[in-house]
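Biologist: I should like to discuss the side-chain packing and the charged pairs of this protein. Please take the topics in turn and give the reasoning behind each value.

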Amino acid sequence: MPLPARWAGSGAVAKGAEEADGGEEADGEHGPRAASASTEKGSAVGRLADTVQRLQDQLQRAQAEADGRALVDLASGILVERLACSPVEAVAQLDSLAAQAGVSTLELAADLVNQATRDKIADVARDFVTETTQPPGASVGLRLRSAEAGALAAGDAQAVAQSILQHALHPLGAVAVAIWAAHADQSLTLAGSAGFSEEEPARWRHVPPGVSTPARHALGNRAVTHYDLLGEAALPSIGLQELSGGRMAVPAGTGGRIIGVLEICWPDRLPEGSQSIDRQVQVLAELCAIALESHPVPDQNRTWRQPADPRVAELLDLTDGLHDPCLVLEPLLDVADTPADFLIRHVNPSFVDFAGRPRNVIAGARLLDAYPLAAGAGGLFEKVEHVLATGEPFRAERMRLAAVVDTVALTTQAHVSISRQGTHVLVVWRLDDGAPKVASLLQHAQRLGRIGGFEENLVSGEIAWNDSLFELHGMPPTAEPVPLEQLAAHVHPDDAHSIGRFLRSLLHHQRPASTAFRLQRADSVARHIRVVAEPVLDENARVVAVRGAYQDVSAQHWTEVALAATRDQLAQSQEETAERNRLALQLQQAIMPPSHGPVDLHNLSVAVRYRPAEKDHLVGGDWYDAVVLPSGQVLLCVGDVAGHGIEAATGMVALRNALRGLATTGAGPAQLLAWLNTVTHHLTDNVTATAVCGLYDPLSRQLRWARAGHLPPVLVRDGKAGALPQLRGILLGATGQAQYEEGRTQLETGDTLMMYTDGLIERRDRSVQDSLDNLLQVAQSARELGRGSQLENQLDHLLRYTNADTDDDTCLIGVTVR
């Protein structure tokens, strides 16, 4: 698999998992480590504190390793899909690609995930690749992906805070973070924190409404809020006495709703160019929002508003024991002593919002704020008001309940029971199975699909857009929505006719319509949009409104463009590959033509066999040689250049010719391999190879031989087969200088020596030693063959009965001493 463009030709030094995760930094000078340092070292308490700190450090390292494994698993899954390989092969491929690029496996894994997902993290990582201001160490993409992996695996917001501080914010100089959950009554609850002293989170567990803090300002501004020095801003917040330096407060929301705030602390002033990290912290805030939705903060309302009336306390305890969703409503009276609204005083643990919102969003809100459609005639508000006034219980087997989320109305049917309990009203509803899940899925589908809904009243001119639609158009939520009749002014001029046909179908022909166009936004960001809409008719069949949805299909559009270009490139690449394979095969056949029978070299009979790979594109670099040298000795060698294709074939030619030329010097096999290693390392293009080189003296019948990372030859004598010793010798081209061990073997009349490449025996399901043992058994049984050339029968027998399964090239030389 080719490396991502970011790593092509990279010479970066690989970083380990600990460095990629930002190192093992302390939680800050005011954190537990500082407290441990101040403890008297010689005391039992000091030893205990040191032990606790050590265990905490070990836990953090274990968590960082787990987050790294999750990221590697995700990248391996992408390789499994792209390469159609097994998970084990994908992990090995990931390690191999990282080694080729000179980066850590985590860095490459993060880059692969960014390429595959193209989400906000990927966008931020891509922008920062060319930035010169990004902090040293691991890349922005890796830091954010590691934080995401830790956040998704976390069991609560506390673990999320620790993950994003360790992985993403420590490298930016931050020393502490706090995750606040925002409630409908304008209060804040500390959902998770990291980097503060042990006592500080308990002091800031709950912030009542009306208290001005950095988090409260971020909620009001609905934007990232900066404080160069919090001490100069005169705002109270968590850790102020210890950390009065820079602060950033980032709203955290999903689906257009802000449900919390991420607050980040620096020991000194905000880092220079802090505006450039806004996009990073906004991504981290989204992780916090997902955590707050997945792990809602326990209801703090009862903690700070514990009822003084014991009867109310008993009512709340009673509702907690009910299995059906239950709301306790407290009337909010106007000047006429009539209920203007109801405060949702409490929701029990079984409560499920049919619109998919978490419990903490509903608890503490007003009834008409949480469910504005309840104010309709005959709706829930009217029933609750009647029960409060008369004391008569109300029950309905099927009652319509409605809520509005992101201006989208969500309805369901429920069994509803309403009763008055003292000064409060108890509402119990049993929802249709699946209603909350469907509502939640709708919200997530809109977010993931980048869909924005709208409804335009053509009579009153009122236009309703949800938050996603404002974001899609690049407009702030306070901007005026774009009417359909003005839509043509916001699209590319070439697409104006498409908008005209779309509006004619809707308004004139009164039928649903859809079209695609290029949106021209004020921020000059290009977007390809698809709009789908339907007309709403009155009783006189007149169009009174239009409702529909816009979807950002930019990614799909550019994917189609890239796919078309890829198809063209693929066709060209296939033609080039076929031509390269044809040339490689011709080159291979020209250098190593098939043998037609044994060749006599002095008192040796030499036969060779070459079995090519079954697939043409796997033309490899296996080679052999057997030649009489000017000294009268016989050179016997086999080798295997790593890889396949034209590069392997040309590498094979270079090494075979180089060894034949070097052998004329009269040097021994160990020296020949040392010289050949230098040639491979310096004079070829990233070639590595294995080889066995032997020199046979016909007078003494002695074989001198050496090996470079290759399997040892097999000697068959008197019907028994055995492998020659495993001499020391590294593969060719791995280092610039290498030494090789030389062995000597005395051959006798009738001996058969076989030299081969790994394609003869290699199997995926067994070790090399097991495959070698099987080869010895097959070679030994070959002595029992019948007529014909005994040597050729032996070689054919080996090719037929060895059970290799890698479909690699195979070279085999057989030498019999006469």
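Biologist: How many aromatic pairs does the structure hold?

Modeller: The model is a predicted one, and side-chain atom pairs count only at pLDDT 80 or more. Rings pair if their centres lie within 6.5 Å. The number of aromatic pairs in the structure is 6.

Biologist: Is the pair of F351 and W429 stacked, edge-to-face or tilted?

Modeller: The ring centres of F351 and W429 are 5.9 Å apart, and the planes stand at 35°. Planes under 30 degrees apart would count as stacked and those over 60 as edge-to-face. The angle of 35° therefore makes this pair tilted.

Biologist: How many residues apart are F351 and W429?

Modeller: F351 sits in the loop between strand 8 (339-347) and helix 15 (359-362), whereas W429 belongs to strand 11 (residues 424-431). Both F351 and W429 are buried. The pair links distant parts of the chain, and the separation is 78 residues.

Biologist: What class does the pair of F517 and Y550 fall into?

Modeller: F517 lies in strand 14 (residues 513-520) and Y550 in strand 16 (residues 543-552), 33 residues apart. F517 and Y550 are both buried. Their ring centres are 6.5 Å apart and their planes meet at 90°, so the pair is edge-to-face.

Biologist: Which residue joins F351 and W429 in a cluster of ring pairs?

Modeller: Ring pairs link three residues into this cluster. Besides F351 and W429, the member is Y371.

Biologist: Which helix gives the most to the largest nonpolar core?

Modeller: This core has 38 residues, and those touching the most other members include I164, I179 and L284. Several elements supply at least two residues each, among them helix 7 (140-153), strand 1 (176-182), strand 6 (257-265) and helix 12 (278-294). With 9 residues, the element that gives the most is helix 12.

Biologist: Which cysteine is in contact with I179, leaving aside neighbours within four places in sequence?

Modeller: I179 is one of the residues that touch the most other members of the largest nonpolar core. Its contacts beyond four places in sequence include V160, L190, V261, L262 and L292. The cysteine in contact with I179 is C288.

Biologist: How many residues make up the second, separate core?

Modeller: This core includes A365, L367, A374 and L431. Its total is 31 residues.

Biologist: How far apart in sequence are the parts that E330 and R345 tie together?

Modeller: The closest N and O atoms of this salt bridge are 2.8 Å apart. R345, at 10% relative accessibility, counts as buried. E330 lies in strand 7 (residues 326-333) and R345 in strand 8, so the parts tied together are separated in sequence by 15 residues.

Biologist: In the salt bridge of R518 with D495, which residue counts as buried?

Modeller: The closest N and O atoms of R518 and D495 are 2.9 Å apart. R518 is in strand 14, and D495 is in the loop between helix 19 (467-472) and helix 20 (496-508). R518 has 30% relative accessibility and counts as partly exposed. Buried means under 20%, and at 10% the residue that counts as buried is D495.

Biologist: Is R542 buried or exposed?

Modeller: R542 forms a salt bridge with D538, in which the closest N and O atoms are 3.3 Å apart. The threshold for exposed is over 50%. At 51% relative accessibility, R542 counts as exposed.

Key
Residues numbered from 1 in each chain as written. Predicted model: local features only at pLDDT ≥ 70, side-chain atom pairs only at ≥ 80, totals over all residues. Heavy atoms only, no water. Helix = DSSP H or I, 4+ residues; strand = E, 2+ residues; numbered from the N terminus. Buried < 20%, exposed > 50% of the residue type's maximum accessible area, 1.4 Å probe, protein only. Core = buried A, V, L, I, M, F, W, Y, C linked by side-chain atoms within 4.5 Å. Contact = heavy atoms within 4.5 Å. Salt bridge = Lys/Arg side-chain N within 4 Å of Asp/Glu carboxyl O.
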